[in-house]
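Visitor: Please select one part of this model and describe it closely, giving the cut-offs behind each term.

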Amino acid sequence: MRLRHKPWASDFIAEQSEYAVTNPEQYKGKWHELFGNHHPIHIEVGTGKGQFLAGMAQKNPDINYIGIELFDSVIVAAIQKAVDLKIPNLKFLNVNANNLSEYFAPGEIDRVYLNFSDPWPKSRHAKRRLTYKSFLALYEEILVKGGEIHFKTDNQGLFEYSLLSFSEYGLLLKYVSLDLHNSDYEGNVMTEYEEKFSEKGQRIYRVEAKYMNEGSQE
Ligand code: SAM
């Protein structure tokens, strides 16, 4: 993603306290209080400009959504969407996914979405891929037992790597699609990257990966 420095971004984020949470550590274990209900919470890691979560939150008002994005210059567009559309079940965090367990308590999250994650094609950068085993351990920590990761990408190399990484971690792979837009999957909400790549004729890959840890704790 080409990043343009936006010197006003941090002030904008601080002003949009209804949608941008600037002190997420304080809500660890208490996100339901912030949303004012006990609906399930789904997060998207690397949410970019937020089109996917805005669409999902409008479509599923009984699910709370939180978008995690590293760059303030990118997340401002996502926050602006929530402000314009007044979406009550949507929040954004301008933080690094490496620190997810500082913001969410064990079992607090019901699903993780990864959409068009940066592929980091060089093997020496494998640890940065959001489907690397250390990230899978982090998601496991904050997800409910039997929680799921839903992953989409246009990148065949990242998809193959991720299937292997999920599988080696012991996740159950479901609904593997090698061509999502020509499959019978219904209700797909497109991300910004998905629109861009599919317009160029690229195939979209998708998989759901489920943690097999149900019943492993008393
Ligand atoms: N999901 C969006 C979409 O499909 O249109 C954006 C995809 S973009 C290629 C990947 C995004 O993930 C970037 O905005 C990047 O800043 C973000 N990202 C990458 N690593 C991250 C991390 N460790 N923590 C939070 N965000 C991250």
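Guide: Strands are DSSP runs of E with at least two residues, helices are runs of H or I with at least four, and both are numbered from the N terminus; two strands pair if DSSP finds at least two bridges between them. The model is predicted, so local features need pLDDT of at least 70 and side-chain atom pairs pLDDT 80 or more, whereas totals for chains, interfaces and linings use all residues. Residues are numbered from 1 along each chain as its sequence is written, and side-chain values use heavy atoms, without hydrogens or water.

The part chosen is an open sheet of seven strands with mixed pairing, in the order β3-β2-β1-β4-β5-β7-β6. Its edges are β3 (90-93) and β6 (172-177); each has a single partner strand, so one side of each is left without a neighbour in the sheet. On average, neighbouring strands are turned by 20° against each other, direction ignored, with axes fitted to C-alpha atoms.

Within the sheet, β1 (residues 41-45) and β4 (residues 109-115) run parallel and are joined by four bridges. One residue pair illustrates this: E44 has Y113 of β4 as its bridge partner. Helix α4 (residues 72-85) packs on the sheet, where it touches β2 (64-68) and β3; contact here means heavy atoms within 4.5 Å. The direction of α4 makes about 160° with that of β3, on a scale from 0 to 180 degrees between N-to-C directions.

The strand β4, residues 109-115, also leads to the ligand, since N115 is among the closest of the 17 residues that surround the ligand, counted by a heavy atom within 4 Å. The closest residues also include G46 and A97. A backbone N or O atom of G46 lies 2.8 Å from a ligand nitrogen, and one of A97 lies 2.9 Å from a ligand nitrogen, against a polar-contact limit of 3.5 Å for N or O pairs. The protein buries 93% of the 600 Å² that the ligand exposes when taken alone (Shrake-Rupley method, 1.4 Å probe).

Key. Polar contact = N/O pair within 3.5 Å; in protein donor to acceptor, adjacent residues only side chain to side chain.
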